[in-house]
Amino acid sequence: MTRTPTILVVQHDAAASRAIEDSLARIGFAAVSAASGKQALKWLDQHANQGPLLGLVDLHLPGDPDGLKLGHHLGVIYHVPFLYWARQPSDLQDPRVLQSQPYGYVLSSSEDDELLATLTLAAESL
C-alpha cells in the first residue's frame, strides 16, 4: 500500500457514523460518510477514481440498496474492497454475506486497535 486509503463509511445512524469517524481519525484514516446506499453510490460515481478507497458498510443498512446489495456493488462494479460493520458475529451467518465477497468485518463493539488491524489488512489489497 502506497497511500492510506480513504474509508467510505456507509451507516444510516448518524451517531454511530460519527463514532466510527472518530475512531478512524484516532487511528489515522480519513473518512467520508454516506447515510444510505443511494448516497454512497452517488459519491462513488463522482469520486471512486480519486485514490485508494475502502468501504465500511453497515450490514443492516436499510433501503435500496441495502447493506448486502451495496457491498456487492462496491466489490463487483466499483472494485472497492469493503468490510461489513456488524452488530454481532451471528449477523455474518447469512450465506449472502459471503456471496458478496467482503474483505472482512468489524463488530460494532470493536476497539480502535481491532479496527486498525482489520483496515490495515484490507488496505494491503489495494
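The following paragraphs describe the fold of a single chain, from its overall dimensions to its sheet and the helices packed around that sheet, on the basis of a predicted model.

The chain comprises 5 helices and 5 strands, and these elements succeed one another along the sequence in the pattern β-α-β-α-β-α-β-α-β-α. Its radius of gyration is 13 Å, close to the 14 Å that the globule rule gives for 126 residues, so the chain is as compact as a globular protein of that length. The C-alpha trace spans about 30 × 30 × 25 Å along its principal axes, and 40% of the 126 residues count as buried. When contacts between residues at least 6 apart in sequence are considered, 64% of them join residues that are at least 24 apart.

The 5 strands form an open sheet in the order β2-β1-β3-β4-β5, in which the pairing is parallel. In general, the strands of a sheet pair through backbone hydrogen bonds, in either a parallel or an antiparallel manner. The edges of the present sheet are occupied by β2 (residues 30-34) and β5 (residues 104-107), each of which pairs on one side only. Direction ignored, neighbouring strands of this sheet are turned against each other by 25° on average. Within the sheet, strand β1 (residues 6-10) runs parallel to strand β3 (residues 53-58), and the two are joined by 5 bridges; V9 has L56 of β3 as its bridge partner.

Two of the helices can be placed with respect to the strands. Helix α2 (residues 37-47) lies across β1, β2 and β3, and runs at about 155° to β1. Helix α5 lies across β1, β3, β4 (residues 82-86) and β5, and its direction makes an angle of about 155° with that of β4.

Helix α5 (residues 112-123) also packs against helix α1 (residues 14-26), at an angle of about 75° and with the two axes 10 Å apart. Because angles of 65 to 115 degrees count as roughly perpendicular, α1 is described as roughly perpendicular to α5. At this contact, S23, L24 and R26 in α1 meet D112, L115 and L119 in α5, and the residues involved divide into 3 nonpolar, 1 polar and 2 charged. Helix α5 is thus described both by its contact with α1 and by its position across β1, β3, β4 and β5.

Key
Residues numbered from 1 in each chain as written. Predicted model: local features only at pLDDT ≥ 70, side-chain atom pairs only at ≥ 80, totals over all residues. Heavy atoms only, no water. Axes fitted to C-alpha atoms, helices over the stretch in contact; angles between N-to-C directions. Helix = DSSP H or I, 4+ residues; strand = E, 2+ residues; numbered from the N terminus. Parallel < 35°, antiparallel > 145°, perpendicular 65-115°, else oblique. Contact = heavy atoms within 4.5 Å. Nonpolar A, V, L, I, M, F, W, Y, C, P; charged D, E, K, R; others polar. Pairing = 2+ DSSP bridges. Rg over C-alpha atoms; globule rule 2.2 N^0.38 Å. Buried < 20%, exposed > 50% of the residue type's maximum accessible area, 1.4 Å probe, protein only.
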